[in-house]
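Please open the structure in your viewer and keep the sequence at hand. The tour below proceeds by selections, each followed by a description of what is found there.

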Amino acid sequence: MSEIDYEKLANAIAQRLAILPPPDKVIWTADQCADYLGISRRHFVDRVSKQWGFPAAIKLPTDTGSRGHDRWHAVDIQAWVSKHKCAS
């Protein structure tokens with residue numbers, strides 16, 4: 001069994017974290033939203049994302065100028081979930 005170089009490991013983790021966007025800049029795909037909510041992609045796209053009060057999708061253009069796939073700010077989805085917690 002080889003010895004772990006903790007300094008090298010810490011540096012690798014720090015480099016990884018440095019390239020992550022700030023939490024308020026993270027955007028999710030429909031698949032990521034569905035995974036977070038624990039539902040199927042189809043259910044998310046067809047039902048949940050169309051509910052009144054659900055965060056609006058971000059419409060990013062493609063390189064051809066057409067509208068790309070919808071995206072959502074992760075913090076908006078998380079806030080929406082928190083708003084719908086059941087009282088215990």
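Is R42 buried or exposed? Select this residue to begin: R42 has a relative accessibility of 63% and therefore counts as exposed, since the limit for that class is over 50%. Please bear in mind throughout that the model is predicted.

**First stop: helix 3**

Keep R42 selected and add D46. The two residues form a salt bridge, in which the closest N and O atoms are 3.5 Å apart. Both belong to helix 3, where they lie four residues apart, so about one helical turn separates them. D46 is partly exposed, with a relative accessible area of 39%.

**Second stop: from helix 3 to helix 2**

Now select R41 and D31. Their side chains meet in a salt bridge, with 3.0 Å from N to O. This pair links distant parts of the chain: R41 is in helix 3, which covers residues 41-46, while D31 is in helix 2, which covers residues 30-37. Ten residues separate the two in sequence. R41 counts as partly exposed at 41% relative accessibility, and D31 counts as partly exposed at 40%.

**Third stop: two strands**

Next, select K59 and D70. Here too a salt bridge is present, the closest N and O atoms being 3.3 Å apart. Where in the chain do the partners K59 and D70 lie? K59 is in strand 2 (residues 58-61) and D70 is in strand 3 (residues 67-73), so the numbering places them eleven residues apart and the pair links distant parts of the chain. K59 is partly exposed at 46% relative accessibility; D70 is also partly exposed, with a relative accessible area of 22%. With this pair the salt bridges have been visited, for a search of the whole structure finds three.

**Fourth stop: the nonpolar core**

Clear the selection and choose W28, A30, C33, A34, F44, V48, F54, W72, A74, I77 and W80. These eleven residues make up the largest nonpolar core. Helix 2 and helix 4, the latter covering residues 74-83, each supply at least two residues of this core.

**Last stop: A34**

Finally, select A34, one of the core residues. Which residues is A34 in contact with, leaving aside its neighbours within four places in sequence? They are I39, S40, R41 and F44. Among them, F44 is a member of the core as well, and R41 is the salt-bridge partner of D31 from the second stop.

Technical notes
Residues numbered from 1 in each chain as written. Predicted model: local features only at pLDDT ≥ 70, side-chain atom pairs only at ≥ 80, totals over all residues. Heavy atoms only, no water. Salt bridge = Lys/Arg side-chain N within 4 Å of Asp/Glu carboxyl O. Buried < 20%, exposed > 50% of the residue type's maximum accessible area, 1.4 Å probe, protein only. Core = buried A, V, L, I, M, F, W, Y, C linked by side-chain atoms within 4.5 Å. Contact = heavy atoms within 4.5 Å.
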